[in-house]
Amino acid sequence: MSTSPIAEGKPSPSAQAMDELCINTIRTLAMDAVQKANSGHPGTPMALAPVAYTLWQKFLRFDPADPIWPNRDRFVLSNGHASMLLYALLHLSGVRSVDPAYRLLPEPSVRLDDIKRFRQLGSNCPGHPEYRLTSGIETTTGPLGQGCATSVVMAIAGRWQAEHFNRPDVTLFDYAVYVICSDGDMMEGVSSEAASLAGHLQLANLCWIYDSNRITIEGHTDLAYSEDVAARFRAYGWHVEHVGNANDTARLAEAFEIFHRTTDRPTFIIVNSHIGYGAPHKQDTSAAHGEPLGEDEVRLAKRSYGWPEDAKFLVPEGVFAHFRAGIGQRGRQLREAWAAAMATYQANHPTLADQVERMQKRELPEGWDAGLPSFPADAKGMASREASAKVLNAIAPRLP
């Protein structure tokens with residue numbers, strides 16, 4: 001019996017049909033995981049599967065075989081409650097595990113068994129993405145706005161790395177930072193402050209993708225939120241794009257292309273989506289936000305996708321191969337080209353290359369603590385801010 005919803009004996013699916021198959025695989029894995037756990041947020045992964053799939057499969061510079069490659073693009077899921085969106089991508093793209101010593105392991109980061117044990121003790125798929133617990137996750141997210149703010153620091157770091165390490169003969173760092181964020185993120189003060197700074201610094205390596213579904217866990221956003229978000233971001237100095245339909249993968253791709261061509265400011269892509277897309281009774285409702293859909297609604301949603309209604313945790317034939325041929329092949333080629341450039345860099349700029357390698361492994365340079373001041377006991381004592389400043393100034397010349 002075929003494991004694919006595509007009938008046997010028919011020609012291989014077109015590229016568009018294969019994209020749709022992969023998108024629906026993400027949706028159904030999310031629904032099944034939340035339903036089995038009887039806890040979680042199914043609606044946003046169902047809505048944003050086309051957005052995340054288009055980004056990962058067509059644009060993200062990321063090698064699943066080496067998820068800590070230094071010049072990879074960073075992906076942040078600021079609305080961390082939609083964690084099953086990310087876990088499905090990590091599983092389908094075959095991201096490898098990395099141990100605490102930054103060694104690549106043969107095991108996958110997220111196995112299907114982990115997804116089946118979503119939100120259960122010991123699973124690599126906790127309720128929200130957690131950095132270093134699950135390889136391929138760039139930062140822990142959960143509190144709304146936190147991922148947005150962290151992404152600005154990532155983009156600043158990328159700019160600093162490019163300025164400090166790139167040389168005319170070799171470009172080591174030119175990665176982008178992508179963020180998926182929600183109405184809830186846009187309501188938080190920390191995201192506003194971070195966005196203001198990003199616009200001021202003209203961080204053109206930063207792209208926020210705003211899922212505007214107008215639904216929160218309490219109900220419609222107009223209960224407490226009615227501002228013109230696009231106008232706000234234009235005022236911050238961002239370039240703003242609008243994708244009116246989250247299922248329009250061609251328009252999504254165009255928006256990502258525009259981001260790549262925008263070199264003088266960060267990019268804010270507003271995407272209108274339908275939370276719980278395909279669930280006939282719960283689409284566009286808060287019921288799709290923070291609770292399982294229910295077995296009957298899951299079957300009806302699968303029917304709307306043309307999916308076997310009683311199949312659970314189904315990954316159709318060809319899906320893994322499709323991801324390997326997309327993000328897998330592109331990421332490997334980009335990483336290998338970077339490794340070749342790094343070899344040239346090591347020969348021509350050995351001191352800087354050593355700094356890069358130490359930073360990657362979180363190792364301090366030799367002699368970093370030489371010249372640290374000491375402070376004799378004093379009844380009055382020195383102000384801690386003053387002592388801290390003296391220590392930082394002693395360390396600074398020995399750290400990049």
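Here are some numbered notes on the structure above, which is a predicted model.

1. **The sheet.** A good place to start is the open sheet, in which 5 strands follow the order β1-β4-β5-β7-β6 with parallel pairing. The edge positions belong to β1 (74–77) and β6 (239–243); each has a single partner strand, so one side of each is left without a neighbour in the sheet. From one strand to the next, the twist averages 15°. As a reminder, strands of a sheet pair through backbone hydrogen bonds, either parallel or antiparallel.

2. **How the strands pair.** If you want to trace the pairing yourself, β4 and β5 run parallel and are joined by 6 bridges. Within that pair, Cys181 has Tyr210 in β5 as its bridge partner. On to β7: 6 bridges join β5 to this strand, again in parallel, and here Asp211 stands opposite Val271 in β7. Strand β7 (residues 267–272) also pairs with β6, in the parallel sense over 5 bridges, and Glu241 stands opposite Ile269 in β7.

3. **Strand β5.** How many residues of β5 are buried? The count is 7 of its 7 residues. In a regular strand the side chains alternate between the two faces of the sheet. In β5, one side carries Leu206, Trp208, Tyr210 and Ser212, while the other carries Cys207, Ile209 and Asp211, and both faces are covered.

4. **A helix across the sheet.** Helix α2 (residues 43–58) lies across four strands: β1, β4 (177–182), β5 (206–212) and β7. Relative to β5, helix α2 runs at about 155°.

5. **Helix α5.** Does its length make sense? What span should the 20 residues of helix α5 (residues 146–165) have at 1.5 Å a residue? The expected value is 28 Å, and the end C-alpha atoms are 28 Å apart, so the two agree. The buried residues of α5 include Gly147, Cys148, Ala149, Ser151 and Val152. Further along α5, Met154, Ala155, Gly158, Gln161 and Phe165 are also buried.

6. **The largest pocket.** About 780 Å³ of space lies in the largest pocket. The pocket is lined by 30 residues, and those closest to its centre are Arg72, Arg74, Tyr131, Glu138 and Arg362. Which helix gives the largest share of the lining? That is α5, with 7 residues. Both α5 and α12 (350–361) supply at least two residues each to the lining of the largest pocket.

7. **Two backbone angles to look at.** Most residues other than glycine have a negative phi, and most peptide bonds are trans. Tyr102 is not a glycine, yet has a positive phi of about 65°; this tyrosine lies in the loop between β2 (96–98) and β3 (104–108). Phe313 also has a positive phi, near 55°, and its place is in the loop between α10 (295–304) and α11 (319–348). Is Phe313 buried or exposed? Phe313 counts as buried because its relative accessibility is 10%, and the cut-off for buried is under 20%.

8. **Leu392.** Finally, have a look at Leu392 in helix α13 (residues 384–395). With 53% relative accessibility, Leu392 counts as exposed, since exposed means over 50%. The C-alpha atoms of Leu392 and Tyr178 are separated by 32 Å, and these residues are 214 residues apart along the chain.

Methods. Residues numbered from 1 in each chain as written. Predicted model: local features only at pLDDT ≥ 70, side-chain atom pairs only at ≥ 80, totals over all residues. Heavy atoms only, no water. Expected span 1.5 Å × (residues − 1). Buried < 20%, exposed > 50% of the residue type's maximum accessible area, 1.4 Å probe, protein only. Pairing = 2+ DSSP bridges. Axes fitted to C-alpha atoms, helices over the stretch in contact; angles between N-to-C directions. Contact = heavy atoms within 4.5 Å. 1 Å grid on protein atoms, 1.4 Å probe; cavity = no way out; pocket = protein on both sides within 12 Å on 5 of 7 lines; lining within 4 Å. Points joined across faces, edges and corners; volume = space filled by probe spheres on them.
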